[in-house]
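Please open the structure in a viewer and keep the sequence panel at hand. The tour below proceeds by selections, each followed by a description of what is found there.

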Amino acid sequence: MSTAETVRDEAVREGSVHDLSVPDGSVREGSVHDLSVPDGSVRERTPARRAAAPWHADPYVRALHAGRGPLFLRRADGWMLPLDVERWCADADAADRTVLRRCQGPILDIGCGPGRLVAALTLHGHPCLGIDVSQAAVARTVRAGGPALCRSVFEPLPGEGRWGTALLIDGNIGIGGDPRALLARVAQLTAPDGLLIAEAAAADVDERVRVRVDDGRGDVGTAFPWARVGVRALLHHAQAVGWSPVEQWTARDRGFVSLRRTPPLPRSGTER
(Lines give C-alpha, C1' and ligand atoms only; values in the text may rest on other atoms or scores of the structure.)
Protein backbone atom coordinates (compact mmCIF):
# COMPACT_ATOMS: atom_id res chain seq x y z
CA MET A 1 0.00 0.00 0.00
CA SER A 2 1.41 3.41 -0.96
CA THR A 3 1.99 6.22 1.48
CA ALA A 4 -0.85 8.12 -0.18
CA GLU A 5 -3.24 5.26 0.55
CA THR A 6 -2.42 5.36 4.27
CA VAL A 7 -3.35 9.01 4.73
CA ARG A 8 -6.28 9.29 7.14
CA ASP A 9 -8.72 12.04 7.99
CA GLU A 10 -6.82 13.50 10.95
CA ALA A 11 -6.09 17.21 10.73
CA VAL A 12 -2.62 17.94 9.39
CA ARG A 13 -1.33 21.06 11.04
CA GLU A 14 2.40 20.87 10.38
CA GLY A 15 3.51 23.62 8.02
CA SER A 16 0.02 24.98 7.56
CA VAL A 17 -0.75 28.46 6.32
CA HIS A 18 -1.11 30.66 9.39
CA ASP A 19 -4.83 31.41 9.19
CA LEU A 20 -7.29 30.27 6.55
CA SER A 21 -10.45 31.62 8.13
CA VAL A 22 -12.61 34.52 7.03
CA PRO A 23 -13.21 36.36 10.29
CA ASP A 24 -16.91 37.14 9.91
CA GLY A 25 -17.79 34.03 7.91
CA SER A 26 -18.60 36.00 4.78
CA VAL A 27 -17.11 36.89 1.44
CA ARG A 28 -18.10 40.38 0.38
CA GLU A 29 -18.98 41.35 -3.16
CA GLY A 30 -16.11 43.12 -4.86
CA SER A 31 -13.50 42.29 -2.24
CA VAL A 32 -11.27 39.44 -1.21
CA HIS A 33 -9.35 38.65 1.93
CA ASP A 34 -5.59 38.25 2.00
CA LEU A 35 -4.80 35.17 4.07
CA SER A 36 -1.04 35.16 3.56
CA VAL A 37 0.08 37.81 6.02
CA PRO A 38 2.85 36.51 8.28
CA ASP A 39 1.26 37.32 11.62
CA GLY A 40 -1.73 35.10 10.90
CA SER A 41 -4.21 37.94 10.73
CA VAL A 42 -6.69 38.36 7.89
CA ARG A 43 -6.69 41.72 6.13
CA GLU A 44 -8.96 43.19 3.52
CA ARG A 45 -7.28 43.71 0.18
CA THR A 46 -8.09 46.41 -2.28
CA PRO A 47 -11.24 45.58 -4.26
CA ALA A 48 -10.57 42.78 -6.70
CA ARG A 49 -11.77 42.93 -10.27
CA ARG A 50 -15.08 41.21 -10.85
CA ALA A 51 -14.71 37.56 -11.81
CA ALA A 52 -14.68 36.57 -15.45
CA ALA A 53 -18.06 36.91 -17.13
CA PRO A 54 -18.74 33.27 -18.14
CA TRP A 55 -19.23 32.01 -14.59
CA HIS A 56 -21.38 35.03 -13.72
CA ALA A 57 -23.71 34.01 -16.54
CA ASP A 58 -27.31 33.67 -15.44
CA PRO A 59 -27.65 29.94 -16.31
CA TYR A 60 -24.77 29.04 -13.99
CA VAL A 61 -25.82 31.33 -11.16
CA ARG A 62 -29.43 30.14 -11.34
CA ALA A 63 -28.32 26.50 -11.28
CA LEU A 64 -26.19 27.10 -8.18
CA HIS A 65 -29.01 28.92 -6.42
CA ALA A 66 -31.41 26.08 -7.25
CA GLY A 67 -28.88 23.34 -6.53
CA ARG A 68 -29.75 21.50 -9.74
CA GLY A 69 -29.50 21.56 -13.53
CA PRO A 70 -29.86 21.01 -16.33
CA LEU A 71 -26.60 22.75 -17.20
CA PHE A 72 -24.06 22.10 -19.93
CA LEU A 73 -20.84 23.33 -21.49
CA ARG A 74 -21.69 23.76 -25.18
CA ARG A 75 -19.12 23.80 -27.97
CA ALA A 76 -19.57 25.88 -31.11
CA ASP A 77 -20.44 22.72 -33.07
CA GLY A 78 -23.40 22.07 -30.78
CA TRP A 79 -21.87 19.21 -28.75
CA MET A 80 -22.78 19.60 -25.06
CA LEU A 81 -21.05 18.30 -21.92
CA PRO A 82 -23.49 17.79 -19.02
CA LEU A 83 -22.46 19.45 -15.75
CA ASP A 84 -23.36 17.52 -12.60
CA VAL A 85 -24.75 20.44 -10.61
CA GLU A 86 -26.71 18.21 -8.24
CA ARG A 87 -23.54 16.34 -7.22
CA TRP A 88 -21.58 19.58 -6.88
CA CYS A 89 -24.22 21.01 -4.55
CA ALA A 90 -24.57 17.87 -2.43
CA ASP A 91 -22.28 16.58 0.31
CA ALA A 92 -19.00 14.91 -0.65
CA ASP A 93 -19.73 11.39 -1.92
CA ALA A 94 -17.76 8.14 -1.80
CA ALA A 95 -15.62 9.06 -4.83
CA ASP A 96 -14.84 12.47 -3.32
CA ARG A 97 -13.79 10.81 -0.08
CA THR A 98 -11.11 8.82 -1.93
CA VAL A 99 -9.64 12.21 -2.84
CA LEU A 100 -10.00 13.72 0.62
CA ARG A 101 -8.26 10.76 2.30
CA ARG A 102 -5.19 11.38 0.17
CA CYS A 103 -4.88 15.10 0.97
CA GLN A 104 -2.05 16.29 3.17
CA GLY A 105 -1.04 19.59 4.69
CA PRO A 106 -3.02 22.74 3.90
CA ILE A 107 -5.24 22.15 0.89
CA LEU A 108 -6.12 24.50 -1.97
CA ASP A 109 -9.27 23.56 -3.92
CA ILE A 110 -8.95 25.27 -7.30
CA GLY A 111 -12.34 25.95 -8.85
CA CYS A 112 -14.13 24.92 -5.66
CA GLY A 113 -17.62 25.59 -7.06
CA PRO A 114 -20.32 25.45 -4.38
CA GLY A 115 -17.77 24.06 -1.94
CA ARG A 116 -18.62 20.47 -1.02
CA LEU A 117 -14.94 19.45 -0.77
CA VAL A 118 -13.91 22.53 1.19
CA ALA A 119 -16.84 22.03 3.57
CA ALA A 120 -15.91 18.37 4.12
CA LEU A 121 -12.25 19.20 4.71
CA THR A 122 -13.18 21.94 7.16
CA LEU A 123 -15.52 19.59 9.02
CA HIS A 124 -12.64 17.16 9.56
CA GLY A 125 -10.27 19.87 10.74
CA HIS A 126 -8.07 20.21 7.67
CA PRO A 127 -6.71 23.71 6.95
CA CYS A 128 -7.99 24.52 3.48
CA LEU A 129 -9.12 27.23 1.09
CA GLY A 130 -11.38 27.19 -1.94
CA ILE A 131 -10.99 29.60 -4.83
CA ASP A 132 -13.44 30.22 -7.65
CA VAL A 133 -14.13 32.99 -10.15
CA SER A 134 -17.87 32.79 -9.46
CA GLN A 135 -19.08 34.99 -6.62
CA ALA A 136 -22.21 32.81 -6.35
CA ALA A 137 -20.08 29.69 -5.92
CA VAL A 138 -17.86 31.35 -3.32
CA ALA A 139 -20.87 32.61 -1.36
CA ARG A 140 -22.36 29.11 -1.33
CA THR A 141 -19.04 27.64 -0.16
CA VAL A 142 -18.90 30.09 2.74
CA ARG A 143 -22.51 29.30 3.69
CA ALA A 144 -21.55 25.61 3.75
CA GLY A 145 -18.88 26.41 6.33
CA GLY A 146 -15.75 26.51 4.17
CA PRO A 147 -13.28 29.39 3.64
CA ALA A 148 -13.21 30.65 0.05
CA LEU A 149 -12.00 33.53 -2.11
CA CYS A 150 -13.41 34.88 -5.35
CA ARG A 151 -10.21 34.77 -7.36
CA SER A 152 -8.66 33.13 -10.41
CA VAL A 153 -5.88 30.60 -9.99
CA PHE A 154 -3.78 32.82 -12.26
CA GLU A 155 -4.05 35.80 -9.89
CA PRO A 156 -1.86 36.24 -6.79
CA LEU A 157 -3.01 33.85 -4.06
CA PRO A 158 -2.32 33.42 -0.36
CA GLY A 159 0.26 30.84 0.67
CA GLU A 160 1.97 30.58 -2.72
CA GLY A 161 4.65 27.88 -2.60
CA ARG A 162 3.33 26.46 0.71
CA TRP A 163 0.20 24.46 -0.12
CA GLY A 164 0.56 20.78 0.78
CA THR A 165 -2.13 19.64 -1.67
CA ALA A 166 -3.81 21.26 -4.65
CA LEU A 167 -7.07 19.90 -6.05
CA LEU A 168 -8.31 20.07 -9.66
CA ILE A 169 -11.57 18.12 -9.43
CA ASP A 170 -14.80 18.05 -11.50
CA GLY A 171 -13.04 18.77 -14.79
CA ASN A 172 -11.09 21.74 -13.45
CA ILE A 173 -7.97 20.60 -15.29
CA GLY A 174 -9.75 22.46 -18.11
CA ILE A 175 -9.51 25.89 -16.45
CA GLY A 176 -8.05 28.43 -18.86
CA GLY A 177 -8.08 26.05 -21.82
CA ASP A 178 -4.38 25.17 -21.46
CA PRO A 179 -3.69 22.22 -19.10
CA ARG A 180 0.07 22.60 -19.33
CA ALA A 181 -0.04 26.27 -18.30
CA LEU A 182 -2.43 25.45 -15.47
CA LEU A 183 -0.23 22.61 -14.20
CA ALA A 184 2.81 24.90 -14.30
CA ARG A 185 0.90 27.49 -12.26
CA VAL A 186 -0.12 24.87 -9.70
CA ALA A 187 3.55 23.94 -9.33
CA GLN A 188 4.18 27.53 -8.23
CA LEU A 189 1.44 27.27 -5.61
CA THR A 190 2.40 23.99 -3.95
CA ALA A 191 5.26 23.27 -1.57
CA PRO A 192 8.38 21.59 -3.02
CA ASP A 193 7.04 18.21 -1.84
CA GLY A 194 3.43 19.16 -2.57
CA LEU A 195 0.77 16.87 -3.93
CA LEU A 196 -1.61 17.53 -6.83
CA ILE A 197 -4.80 15.50 -7.19
CA ALA A 198 -6.59 15.93 -10.50
CA GLU A 199 -9.68 14.37 -12.01
CA ALA A 200 -9.38 13.31 -15.66
CA ALA A 201 -12.04 13.01 -18.31
CA ALA A 202 -13.46 9.51 -18.70
CA ALA A 203 -12.61 9.48 -22.42
CA ASP A 204 -9.08 9.30 -23.84
CA VAL A 205 -9.23 12.89 -25.06
CA ASP A 206 -6.93 15.92 -25.31
CA GLU A 207 -8.83 18.91 -26.67
CA ARG A 208 -8.86 22.70 -26.43
CA VAL A 209 -12.23 24.27 -27.10
CA ARG A 210 -14.30 27.38 -26.61
CA VAL A 211 -17.52 26.73 -24.75
CA ARG A 212 -20.55 28.50 -23.30
CA VAL A 213 -22.57 27.68 -20.20
CA ASP A 214 -25.96 26.52 -21.53
CA ASP A 215 -29.09 25.53 -19.62
CA GLY A 216 -30.41 23.48 -22.54
CA ARG A 217 -33.42 25.77 -22.86
CA GLY A 218 -31.93 28.58 -24.91
CA ASP A 219 -30.16 30.59 -22.20
CA VAL A 220 -26.39 30.71 -22.71
CA GLY A 221 -23.41 32.60 -21.32
CA THR A 222 -20.43 34.14 -23.08
CA ALA A 223 -17.76 31.97 -24.74
CA PHE A 224 -14.56 31.11 -22.89
CA PRO A 225 -11.64 28.67 -23.35
CA TRP A 226 -11.81 25.21 -21.80
CA ALA A 227 -9.93 21.92 -22.10
CA ARG A 228 -10.74 18.24 -21.67
CA VAL A 229 -7.97 15.70 -20.99
CA GLY A 230 -8.07 12.01 -20.20
CA VAL A 231 -5.57 10.25 -17.96
CA ARG A 232 -2.96 9.67 -20.66
CA ALA A 233 -2.96 13.30 -21.82
CA LEU A 234 -3.03 14.60 -18.24
CA LEU A 235 0.09 12.60 -17.35
CA HIS A 236 1.83 13.76 -20.54
CA HIS A 237 1.19 17.44 -19.81
CA ALA A 238 2.04 17.05 -16.12
CA GLN A 239 5.40 15.41 -16.75
CA ALA A 240 6.28 18.12 -19.27
CA VAL A 241 6.12 20.77 -16.53
CA GLY A 242 7.76 18.86 -13.68
CA TRP A 243 5.12 16.63 -12.10
CA SER A 244 5.69 12.91 -11.46
CA PRO A 245 2.79 10.43 -11.18
CA VAL A 246 2.20 8.87 -7.77
CA GLU A 247 -1.08 6.99 -8.10
CA GLN A 248 -4.09 6.44 -10.36
CA TRP A 249 -7.50 5.19 -9.24
CA THR A 250 -11.13 5.04 -10.25
CA ALA A 251 -14.14 5.55 -8.00
CA ARG A 252 -17.79 5.60 -9.13
CA ASP A 253 -16.67 5.77 -12.76
CA ARG A 254 -14.55 8.86 -12.10
CA GLY A 255 -10.80 8.73 -12.77
CA PHE A 256 -8.20 10.43 -10.59
CA VAL A 257 -4.45 10.96 -10.68
CA SER A 258 -2.12 12.12 -7.92
CA LEU A 259 1.24 13.69 -8.73
CA ARG A 260 4.22 15.22 -6.95
CA ARG A 261 6.71 17.82 -8.03
CA THR A 262 9.67 16.18 -9.74
CA PRO A 263 12.81 16.95 -7.68
CA PRO A 264 15.63 18.59 -9.65
CA LEU A 265 18.47 16.33 -10.71
CA PRO A 266 21.55 16.54 -8.43
CA ARG A 267 24.42 18.53 -9.86
CA SER A 268 27.50 16.54 -10.70
CA GLY A 269 30.80 17.32 -9.04
CA THR A 270 32.24 18.55 -12.34
CA GLU A 271 29.58 21.23 -12.83
CA ARG A 272 30.60 24.82 -12.12
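The stops that follow cover two sheets, the helices beside them and one arginine. Please bear in mind throughout that this is a predicted model.

**First stop: the seven-stranded sheet**

Select the strands β7, β6, β5, β8, β9, β13 and β12, which in this order form an open sheet of 7 strands with mixed pairing. At its edges are β7 and β12 (243-251), each of which pairs on one side only. On average, neighbouring strands of this sheet are turned by 20° against each other, direction ignored.

Next, select β5 (107-110). Which residues of β5 are buried on its two faces? Ile107 and Asp109 lie on one side, Leu108 and Ile110 on the other, and all are buried, so that both faces of the strand are covered.

Add β6 (128-132) to the selection. β5 and β6 run parallel and are joined by 4 bridges; within this pair, Ile107 has Cys128 as its bridge partner. The chain passes from β5 through α4 to β6, a β-α-β crossover that is right-handed.

Then show β8 (163-168). β5 and β8 also pair in the parallel sense, over 3 bridges, and Leu108 stands opposite Ala166 of β8.

Move to the edge strand β12 and select β13 (residues 254-261) with it: these two strands run antiparallel and share 8 bridges. Trp243 has Arg261 in β13 as its bridge partner.

**Second stop: helices across this sheet**

Select α4 (116-123). This helix lies across β5, β6, β8 and β13, and runs at about 170° to β6. Now select α6 (residues 179-189), which lies across β5, β8, β9 (190-200), β12 and β13 and runs at about 145° to β9.

**Third stop: helix α5**

Select residues 135-143, which make up α5; Gln135, Ala136, Ala137, Val138, Thr141 and Val142 are buried in this helix. What covers these buried residues? The cover includes α1 (58-66), α4, β6 and β7 (148-150).

At the N-terminal end of α5, display the side chain of Ser134, which caps the helix: one of its side-chain oxygens lies 3.3 Å from the backbone nitrogen of Ala136. After the helix comes Gly145, with a positive phi near 105°.

**Fourth stop: Arg87**

Select Arg87, which is found in helix α2 (residues 85-89). Is Arg87 buried or exposed? Its relative accessible area is 18%; because this is under the 20% limit, Arg87 counts as buried. Display Asp84 as well: the side chains of Arg87 and Asp84 make a polar contact at 3.1 Å. With neighbours within four places in sequence left aside, Arg87 is in contact with Asp93, Asp96, Arg116, Asp170 and Arg254.

**Fifth stop: the four-stranded sheet**

Finally, select β4, β3, β10 and β11, which in this order form an open sheet of 4 strands with antiparallel pairing. The edge strands are β4 (80-82) and β11 (224-229), and each pairs on one side only. From one strand to the next, the twist averages 45°.

Within this sheet, β3 (residues 72-75) and β4 run antiparallel and are joined by 3 bridges. The bridge partner of Leu73 in β4 is Leu81.

To conclude, add α7 (residues 231-240), which lies across β10 (206-214) and β11 and runs at about 105° to β11.

Definitions and conventions
Residues are numbered from 1 along each chain as its sequence is written. This is a predicted model: local features need pLDDT of at least 70, side-chain atom pairs count only at pLDDT 80 or more; totals for chains, interfaces and linings use all residues. Side-chain values use heavy atoms; hydrogens and water are left out. Buried means under 20% relative accessible area, exposed over 50%, partly exposed in between (1.4 Å probe, protein chains only). Contact means heavy atoms within 4.5 Å. A polar contact is a pair of N or O atoms within 3.5 Å; within protein, one must be able to donate a hydrogen and the other to accept it, and residues adjacent in sequence count only if both atoms are side-chain atoms. Two strands pair if DSSP finds at least two bridges between them. Axes are lines fitted to C-alpha atoms, for helices over the stretch in contact, and angles run from 0 to 180 degrees between N-to-C directions. A crossover is right-handed if, with the strands pointing away from the viewer, the path from the first strand over the helix to the second runs clockwise.
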